[in-house]
Structures are given as C-alpha cells and as structure tokens.
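Biologist: I would like to go through this model one feature at a time. Please give the general idea where there is one, then the case here.

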Amino acid sequence: MDKVRWGIIGCGNVTEVKSGPALQKVEGSELVAVMRRDAHLAEDYANRHGVAKWYDNAEALVHDPDVDAIYVATPPAFHHEYALMAARAGKPVYVEKPMAKNHQECLDMIAACEEAGVPLFVAYYRRGLPKFVEIKRLLDSGVIGDIRFVQTTYLQQARDNQGEVLPWRLQPELSGGGLFVDLASHTLDILDYLLGPIGEVKGFAKNQAQRHQVEDIVTATYAFESGVMGTGIWSFNTCTHLDKNEIVGSLGKMTFSTFSGDLRIEGLDGLIEEKIIPNPAHVQQPLITKVVEELRGLGKSPSTGITAARTNRVMDELLKDFYHRA
C-alpha cells in the first residue's frame, strides 16, 4: 500500500488521544471512517477529528471500498467478532488490548486472518515506546549480565464505583475479567517483549474486598522459555499505589514502572543510571508507525496476534480457577 486508509470500529475514549490522532499523523496513514453504534456519537467524533465518513453499523464500515484496514477499539468482548468480520472482507486488522476475552478467541482470530491472508496486529503499544525499546537494548547489551529473574508488584487503592454505571473493565462478560486483565496485560506483554515467551505459569486469583464480582488480587509464578524466572502480584484494594518491575541479573538490576517513564539501572558497584523517558503525546503512535510500515512493505510490527495471544494464555491460566474455566 502507498497509503493505509483506516476505519475505526468503536471510536470511544481510547481513540480520542492515544490512537486516533496517530492514525492521521503517521506518514502513509489516513483515518477515513469511524463507526459507533450510537450514530450521534459517531458523527460527533468524525466532526471533531476531521474524518470524512461515519457509520453506526460495523459491516458498512468494513465493506467501505475506501477503507483499507480496520482498527477495532471496542471492549474485548467484541474483538473476536469484528476481527473475523474484517478478515472475511480481506482487510488487515489492528485490535485493542487485551486481544480478546480468552486465549481460544485469540487462536480463532489468528486462524481467520491467516486463512484470509491478512495481517493481525494488537495494540500493545509499549513495544513501540522509546522507554521500552531502550530497556530491551540495554538488556540485550548485557548491562546487568545474565538475567536471573523478574519481580512485579502493582498495587492500587480501592474505588467503589457506587452510584455509577459499572465500567466495562469490571464486567467479565465484556472484558474477560477485572482490572487485572486490563492493566496486568500491559506488564505481561512487555515482559514477553523483553524476556521472551512465558512457558509454565501458576498462580491464584481471589476477590478479597468483595466490592465487585471480579478478582481484585492475583499472584503469579512463571518460568520463561529462556530459563528466566518470574513472580508477580497485582492488588486493586490496598492502601497505596505502587507500580514496580525489577529485573535482576548476574551483574546488576534494572527497575522500572509499567505506566510511567522511570528507569533505574544498578551495577555491582551501585547506581549506573537513573532517568525518566517520557511518552509521546499520542502513546500508540510509535507502534502504529510500525504497523503502517509493515502494511506498506517497509518494516515489521513488534506486536502481532501471535505475540498478543501469549499474554491471553498466561492470564487464562491465572484466572481459570476463579472463573471456573476449563
């Protein structure tokens, strides 16, 4: 393709700043149509963002001859349906994260796109952010030696959501789980990017505070295929906030958050470097640049259906007993 003309299915909050403008700013990319079931909201988005067409029907957008590629930005419950719809129409798909409600849906999406001969990408945009590209470069350079293990701690204060419409992130029929699925998926995917695929995984999920009908604490132990070991804990009903990943090697350690720009590197003799690497204004733009480059035959995206499905597999394993899934 000389230029990739995009259509968005589900032009909600995530597309306002994080991704939608990037589809218009990346070289060789253009946003030509948007869809939302509420026609008024679809029209409003199109008018505010200078998009030529809007729809309240996904089939109509997918089959628009002026649309080359589909960006699915709905809650996860609808990713499977719309990805298969796009594949049947022979159009590449870029799907929001997490990729789907469960691993089997991910496998269905991969198979449908492979059969149709179209690429499938997933919006794990941290794989494109300067901070994580730099972390990967440093790890691969051996700055902390041979990597031994990684520890993740993510703590968040409770929020009752009383008197409000329950967010889709707390409705497992829409999201596949609770806040763990929405937030921990970012960390699990970036660890896959930095350290390679996770092989074995074991853990527990509980609902300690009973504020909602979803898990509010998850603990995990995993072994990466490379031999690196890992542990993680995510709790969404604590007294404080903490976002910390620590990768420990034979010559030092690296500490960083998933959701902010901090990075600290320590060696055998103490601090090597400490800095903040800020995100771009539109955080998905670096990844979307890679996606567009691949569609134009100029490069490769670091986030695909195959890489993203691995994160769903890990989350399924950690949540299967809580939700009594096979």
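**Reading the model**

Modeller: Start with His 79, which is buried, its relative accessible area being 0%. The model is predicted. His 79 belongs to helix α5.

Biologist: Which residues does His 79 touch, leaving out those up to four places away in sequence?

Modeller: The contacts are Val 72, Thr 74, Val 95, Glu 96, Lys 97, Pro 98, Met 99, Ala 100 and Met 109. With Met 99 there is also a polar approach: a polar side-chain atom of His 79 lies 3.0 Å from the backbone oxygen of Met 99.

Biologist: Met 109 is in helix α6. How should I read the buried residues of that helix?

Modeller: An α-helix has 3.6 residues a turn, so residues three or four places apart point the same way. In α6 the buried residues are His 103, Glu 105, Cys 106, Met 109, Ile 110, Ala 112 and Cys 113. Their cover includes α5, β5 (93–95), β6 (120–122) and α11.

Biologist: What span should helix α6 have, and what span does it have?

Modeller: Helix α6 covers residues 103–116, and its 14 residues should span 20 Å at 1.5 Å a residue. The C-alpha atoms at its ends are 20 Å apart, so the model agrees with the expected span.

Biologist: What is found at the two ends of α6?

Modeller: At the N-terminal end, Asn 102 acts as the cap, with a side-chain oxygen 3.2 Å from the backbone nitrogen of Gln 104. After the helix comes Gly 117, with a positive phi near 75 degrees.

Biologist: How many disulfides does the structure hold?

Modeller: A disulfide is a covalent bond between the sulfur atoms of two cysteines. This structure has zero. Take Cys 113: the closest cysteine sulfur, in Cys 106, is 11 Å from its own, which is too far for a bond, given a cut-off of 2.5 Å. Cys 113 counts as buried because its relative accessibility is 2%, under the 20% limit. Cys 11 is buried too, with a relative accessible area of 1%.

Biologist: Now the sheet. In what order do its strands lie?

Modeller: Strands of a sheet pair through backbone hydrogen bonds, either parallel or antiparallel. Here eight strands make an open sheet with mixed pairing, and the order is β8-β9-β10-β7-β11-β12-β13-β14. Strands β8 (198–206) and β14 (270–276) are the edges, each pairing on one side only. From one strand to the next, the twist averages 10 degrees.

Biologist: In which sense do β7 and β11 pair?

Modeller: Strands β7 (residues 147–157) and β11 (residues 242–249) are antiparallel, joined over eight bridges. One bridge has Tyr 154 partnered with Asp 243 in β11.

Biologist: Which strands does helix α7 touch?

Modeller: Helix α7 (residues 130–141) packs on the sheet and touches β7, β11, β12 (252–256), β13 (262–267) and β14. The directions of α7 and β12 make about 170 degrees. Another helix, α11 (residues 305–319), lies across β8 and β9 (217–224), at about 40 degrees to β8.

Biologist: Take Glu 273 in strand β14. Why does it count as partly exposed?

Modeller: Glu 273 has a relative accessibility of 30%, so it falls between the 20% limit for buried and the 50% limit for exposed. Leaving out residues up to four places away in sequence, Glu 273 touches Leu 263, Arg 264 and Ile 265. Its side chain also makes a polar contact of 3.2 Å with the side chain of Lys 275.

Note on methods: Residues numbered from 1 in each chain as written. Predicted model: local features only at pLDDT ≥ 70, side-chain atom pairs only at ≥ 80, totals over all residues. Heavy atoms only, no water. Pairing = 2+ DSSP bridges. Helix = DSSP H or I, 4+ residues; strand = E, 2+ residues; numbered from the N terminus. Axes fitted to C-alpha atoms, helices over the stretch in contact; angles between N-to-C directions. Contact = heavy atoms within 4.5 Å. Buried < 20%, exposed > 50% of the residue type's maximum accessible area, 1.4 Å probe, protein only. Expected span 1.5 Å × (residues − 1). Polar contact = N/O pair within 3.5 Å; in protein donor to acceptor, adjacent residues only side chain to side chain.
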